[in-house]
Amino acid sequence: MDDQAMVRAGLRMVVESEPGMEVVGEAADGRDAIAVARRTRPDIVLMDISMPRLDGLSAARELLDTPSPPKVITLTTFDTDENLWAALRAGTSGFLLKVSPPEQLIEAIRIVHAGDALLDPAVTSRVIASFAGRAEPVPSPRLEDLTPRELEVLRLLARGLTNAEIARELFVGEATVKTHVARVLMKLGLRDRAQAVVFAYESGVVRPGDTD
């Protein structure tokens with residue numbers, strides 16, 4: 001979903017060159033993006049942040065607030081901290097710069113489709129932490145449902161560690177970490193890792209500057 005026809009054409013060409021991937025619809029503004037997504041029910045929506053009539057983040061929020069919503073990867077020309085935090089707060093599963101190479105876009109789609117979150121390599125967990133730290137954390141009663149190990153996994157996840165890195169940190173297998181992550185998301189009522197990062201900072205599980 002992008003207001004520039006040439007950008008949409010480029011995205012279509014990249015996506016449809018990949019086996020197993022298909023573009024089921026396009027839109028030039030936020031309102032049309034919502035309508036097209038509701039009609040075609042895609043697995044993944046690539047959403048430009050800056051669009052006419054309704055901006056991409058507002059469109060993403062509206063889409064994600066529906067039963068069985070698609071996963072959304074936000075695209076932007078600018079890697080500003082404000083865009084990143086706004087995208088995460090909107091509930092999107094990925095954040096990617098438009099200047100990213102085609103293979104990175106394909107990898108992003110695969111990662112998000114598999115249930116993980118994707119942030120452009122130019123973006124670091126420190127940026128997330130700095131913006132999450134603007135408001136005083138409010139502990140959530142939902143945290144009481146987590147076991148000590150699940151809480152530990154949530155902390156590491158919020159620091160930006162991958163499943164493999166968490167596995168090394170905890171001296172367990174990667175499959176065990178995947179199980180823990182799935183249970184954390186289920187117990188907290190979260191859609192994916194991106195939402196888990198936001199939740200962890202806003203509830204005070206981790207704080208800006210935490211490294212251990």
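Which backbone nitrogen does a side-chain oxygen of Asp29 reach at the start of helix 2? The close-ups below take up this question and a few others, all in a predicted model.

**View 1. The start and end of helix 2 (residues 30-40).** At the start of the helix, the answer is Arg31: a side-chain oxygen of Asp29 comes to within 3.0 Å of the backbone nitrogen of that residue. Look past the other end and you will meet Arg41, which follows helix 2 and has a positive phi, near 50°.

**View 2. The buried residues of helix 2 and their cover.** Gly30, Ala33, Ile34, Val36 and Ala37 are the buried residues here. Strand 1 (44-48) and helix 3 (56-64) are among the elements that cover them.

**View 3. Helix 3, its cap and its buried face.** Asp55 caps the N-terminal end of this helix, with a side-chain oxygen 3.0 Å from the backbone nitrogen of Leu57. Leu57 is itself buried, as are Gly56, Ala59, Ala60, Leu63 and Leu64. Seen down the axis of helix 3, the buried residues fall within an arc of 160°, so they line one face of the helix.

**View 4. Helix 2 meets helix 3.** On the helix 2 side, the residues to find are Gly30, Arg31, Ile34, Ala37 and Arg38; their partners in helix 3 are Ala59, Glu62 and Leu63. The two axes come within 9 Å and cross at roughly 25°. Angles under 35 degrees count as roughly parallel, and helix 2 and helix 3 are therefore roughly parallel to each other. Their crossing is right-handed.

Terms used: Residues are numbered from 1 along each chain as its sequence is written. This is a predicted model: local features need pLDDT of at least 70, side-chain atom pairs count only at pLDDT 80 or more; totals for chains, interfaces and linings use all residues. Side-chain values use heavy atoms; hydrogens and water are left out. Buried means under 20% relative accessible area, exposed over 50%, partly exposed in between (1.4 Å probe, protein chains only). Helices (H or I, at least four residues) and strands (E, at least two) are DSSP runs, numbered from the N terminus. Contact means heavy atoms within 4.5 Å. A polar contact is a pair of N or O atoms within 3.5 Å; within protein, one must be able to donate a hydrogen and the other to accept it, and residues adjacent in sequence count only if both atoms are side-chain atoms. The arc is that of the directions from the helix axis to the C-beta atoms. Axes are lines fitted to C-alpha atoms, for helices over the stretch in contact, and angles run from 0 to 180 degrees between N-to-C directions. Angles under 35 degrees count as roughly parallel, over 145 as roughly antiparallel, 65 to 115 as roughly perpendicular and the rest as oblique. A crossing is left-handed if the near helix is turned anticlockwise from the far one by less than a right angle, and right-handed if clockwise.
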